[in-house]
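I opened this notebook to record what I looked up in one structure. The entries follow the order in which I took up each topic.

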Amino acid sequence: MTFHPEVLRFLRDDGVPVRPVNGWEQRGGESFNPRASINHHTAGGSGLAPSLGICVRGRGTPGAPGYLPGPLCHVLQSREVDPATGLDVCYLIAAGTANHAGKGGWKGLSGNASVWGLEIEHRGTVAEPFPASRRETAVRVHAAFAR
């Protein structure tokens, strides 16, 4: 398999308030055969979607230690609440392989090449609430990934 542009339709069908990021249809690697999905959290930042640029472009400087090219996920779940649905606004970043699950494998899955990635804007501490509406948004994103 290669790119999966149908994910936009699936997200919308599942009621996810989604904003496609320019170029999402061809962003990521071409050998993407998704069979699972995983959550990550940004672990920092304040504001609605402070990690969007990093999730699209990657982090670090090419050639420098620790450099990781983007995309770093397929969908970024922001802290912005869509007034029509009460769910978090999500940014669709990539339809191809993203650098979020590594090169390793587990039970027949091969990391980046076979796993959708949802990055959630959250510090990862109890100091930042994670209400039911945030969980519901994530559930709907994963339901769209599962199609």
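The entries below cover the sheet, the nonpolar cores, one helix residue and the salt bridges.

**Entry 1: the sheet.** I worked from a predicted model. I first traced the strands and found an open sheet of 5 strands, ordered β1-β6-β5-β7-β2, with mixed pairing. Its edge strands are β1 (18-20) and β2 (36-41), each of which pairs on one side only. I noted an average twist of 25° from one strand to the next. I then looked at β5 (residues 75-81), which pairs with β6 in the antiparallel sense over 4 bridges. Within this pairing, Leu76 has Tyr91 of β6 as its bridge partner. I also recorded that α3 lies across β2, β5, β6 and β7, and that α3 runs at about 160° to β7.

**Entry 2: the cores.** I looked up the largest nonpolar core, which has 20 residues; Val7, Leu11, Val75, Leu92, Leu118, Val141 and Phe145 have the most contacts inside it. Two or more residues of this core come from each of α1 (7-13), β6 (88-92), β7 (115-120) and α3 (132-145). I listed the contacts of Leu11 beyond four places in sequence: Val16, Val18, Val75, Leu92, Val141 and Ala144. A second, separate core has 9 residues, among them Val56, Tyr91, Ile93 and Ala94.

**Entry 3: Thr137.** Is Thr137 of helix α3 buried or exposed? I entered Thr137 as buried, because its relative accessible area is 0%, under the 20% cut-off. Leaving out residues up to four places away in sequence, Thr137 touches Gln77, Leu87, Asp88 and Cys90. The Thr137 side chain reaches the backbone nitrogen of Asp88 at 3.0 Å. I also noted that Thr137 and Asp14, 123 residues apart in sequence, are 9.6 Å apart in space, C-alpha to C-alpha.

**Entry 4: the salt bridges.** How many salt bridges does the structure hold? I recorded 8. Asp88 appears again here, its side chain meeting that of Arg134 in a salt bridge (2.6 Å, N to O). This pair links strand β6 to helix α3 across 46 residues. Asp88 counts as buried at 1% relative accessibility, and Arg134 counts as buried at 5%.

I next took up Arg79 and Glu121, whose side chains form a salt bridge (4.0 Å, N to O). Arg79 is in strand β5 and Glu121 in the loop between β7 and α3, 42 residues apart. Both are buried. Glu128 forms a salt bridge with Arg123, with the closest N and O atoms 3.3 Å apart. Glu128 is buried at 9% relative accessibility, whereas Arg123 is partly exposed at 38%. I closed the entry with the network of salt bridges that links Arg79, Glu121, Arg123 and Glu128.

How values were computed
Residues numbered from 1 in each chain as written. Predicted model: local features only at pLDDT ≥ 70, side-chain atom pairs only at ≥ 80, totals over all residues. Heavy atoms only, no water. Core = buried A, V, L, I, M, F, W, Y, C linked by side-chain atoms within 4.5 Å. Buried < 20%, exposed > 50% of the residue type's maximum accessible area, 1.4 Å probe, protein only. Contact = heavy atoms within 4.5 Å. Pairing = 2+ DSSP bridges. Axes fitted to C-alpha atoms, helices over the stretch in contact; angles between N-to-C directions. Polar contact = N/O pair within 3.5 Å; in protein donor to acceptor, adjacent residues only side chain to side chain.
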